[in-house]
Amino acid sequence: MFLLTNKIPFPKNYERFIELGQEAIKNNNLIGTVDYYEHAYAIRQDFPLNLVLVNMYLEIGENEQALSLASEMKEKYFAYLDYVEIYIQILIQNHLFIQAHSIINERILMEQSGEMRKLISLKKKIRHVELMYQQFEVGKIKELKEELQQLNKHNYYEQMAIVKKAGQLPQEEFIVIGKKILVDVQVHNLVRSWILEELVRLHVKEEVEFFWRDNKKYTVVPASVGTPLDSAAYQRILLFLEKELINDDPILLVDIMEEIRLHFALLYPLADEIIEDPRLWAVSYVSSYNHSIAQKYQVEEEQLEIEKIQKIQSEIRFELEKMVL
């Protein structure tokens, strides 16, 4: 909303911008207040000012700006229920109903003392706004659903961009269309994985069918599985690699884990069934990046099994490389 200049702000200017903002708000000049507070925030990004600015953005209808700013400090907003409520309000204002439901569901499952009544109230509020949205934005919802129904005519990157817009659908509509996407073999595996993960976050308790990367159909109850990074195999691989590499080669650790996260999205939700020995999978990953480091973890009797694992990992890499073609 404001233009940055080449002038380097002195630290004391932060307090001055806050003072000017407070004067502006006394004169009912909300836009001026926002402008001064933005200058202050550019100098020092602290949570209290983030919170004030976010509320002001909501007040003047800058909903996307409010979401962008709040997202910078999402963990702070999730620390206390009152702040969670503000974050939910931001999501509702941006019609991001699926994300709002997911956050509340996760909080309900944590079942913190004294929170349940307020969480149920927030859940009802999301539902109420959804119903209003369905009533008054019929054309927009229809257009989005038609775009999602044509998902298989696009490449991977286009599919992912389109499917993420599905978060603007009311929950029931998202679940219905999400189930259809899960059994469309023309939709990329990572896109289907994303949809399934969203159904998990919505805590869907009924069985859903999905095609996996082997093009075979499976069934799963989303509420009974975690996210890709919740799998036991991922946690054991992470534990091994952190223990072995965090001090000796932290850059290698970061590179390997970035690839593994993507691999587990493709293996989702069957990773724990495929990966019988997480330690050997970890060693195989290290070997692909640095064979000399991996040698100290290998024993001759395991070499044949490691080669089998490396073949699977190579197939996954090839599948991911096809995405850019």
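Two strands are treated as a pair if DSSP finds at least two bridges between them. The views below show a predicted model.

**Close-up A. The hairpin of strand 1 and strand 2.** Strand 1, residues 208–211, and strand 2, residues 217–220, run antiparallel and are joined by four bridges. Within this arrangement, F211 stands opposite K217 of strand 2. Five residues lie between the strands of the hairpin, and N215 adopts a positive phi near 65 degrees.

**Close-up B. The aromatic pair of F210 and Y218.** The structure contains eleven aromatic pairs. In the pair formed by F210 and Y218, the ring centres are 5.8 Å apart and the planes meet at 25 degrees; because planes under 30 degrees apart count as stacked, this pair is stacked. F210 has a relative accessibility of 4% and therefore counts as buried. Y218, with a relative accessible area of 25%, is partly exposed. A further aromatic pair, made by W281 and Y285, is tilted, with 6.2 Å from centre to centre and 55 degrees between the planes.

**Close-up C. W281 and Y285 in helix 16.** Helix 16 spans residues 278–289, and because W281 and Y285 are four residues apart within this helix, about one helical turn separates them. W281 is buried, at 2% relative accessibility. Y285 is likewise buried, its relative accessible area being 0%.

**Close-up D. A cluster of aromatic rings.** The residues F47, Y77, F78, Y80, Y83 and Y87 are linked into a cluster by ring pairs.

**Close-up E. The largest pocket.** The volume of the largest pocket is about 520 Å³. Its lining comprises 18 residues, and those closest to the pocket centre are K74, Q99, S102, I103 and R201. At least two lining residues come from each of helix 5 (74–77), helix 7 (97–110) and helix 12 (189–201). Helix 7 makes the greatest contribution to the pocket lining, with seven residues. By residue class, the lining of the largest pocket consists of eight charged, seven nonpolar and three polar residues.

**Close-up F. The largest cavity.** Rolling a probe the size of a water molecule over the atoms reveals where empty space remains. A search of the whole structure yields one cavity of 30 Å³ or more. The largest cavity holds about 80 Å³ of space. Of the 13 residues that line this cavity, N189, R192, S193, F211 and Y268 lie nearest its centre. Helix 12, strand 1 and helix 14 (250–267) each provide at least two residues of the cavity lining. The most come from helix 12, which gives four residues to the lining of the largest cavity. Nine residues of this lining are nonpolar, two are polar and two are charged. Helix 12 is also among the elements that supply at least two residues of the lining of the largest pocket, and F211, which is among the residues nearest the cavity centre, is the residue that stands opposite K217 in the hairpin view.

**Close-up G. The surroundings of R127 in helix 8.** R127 is located in helix 8, which covers residues 116–136. Its relative accessibility of 29% places R127 among the partly exposed residues. Apart from neighbours within four places in sequence, R127 makes contact with Q134 and E172. For scale, R127 and I309 are separated by 182 residues in sequence and by 46 Å in space, taken from C-alpha to C-alpha.

Technical notes: Residues are numbered from 1 along each chain as its sequence is written. This is a predicted model: local features need pLDDT of at least 70, side-chain atom pairs count only at pLDDT 80 or more; totals for chains, interfaces and linings use all residues. Side-chain values use heavy atoms; hydrogens and water are left out. On a 1 Å grid over the protein atoms alone, a cavity is a set of points where a 1.4 Å probe fits but cannot get out, and a pocket is an open set with protein on both sides within 12 Å along at least five of seven lines; lining residues have an atom within 4 Å of a point. Grid points are joined across faces, edges and corners, and a volume is the space filled by probe spheres set on the points. Ala, Val, Leu, Ile, Met, Phe, Trp, Tyr, Cys and Pro count as nonpolar, Asp, Glu, Lys and Arg as charged, and the others, Gly among them, as polar. Buried means under 20% relative accessible area, exposed over 50%, partly exposed in between (1.4 Å probe, protein chains only). Contact means heavy atoms within 4.5 Å. Rings of Phe, Tyr and Trp (its six-membered ring) pair if their centres lie within 6.5 Å; planes under 30 degrees apart count as stacked, over 60 as edge-to-face and the rest as tilted.
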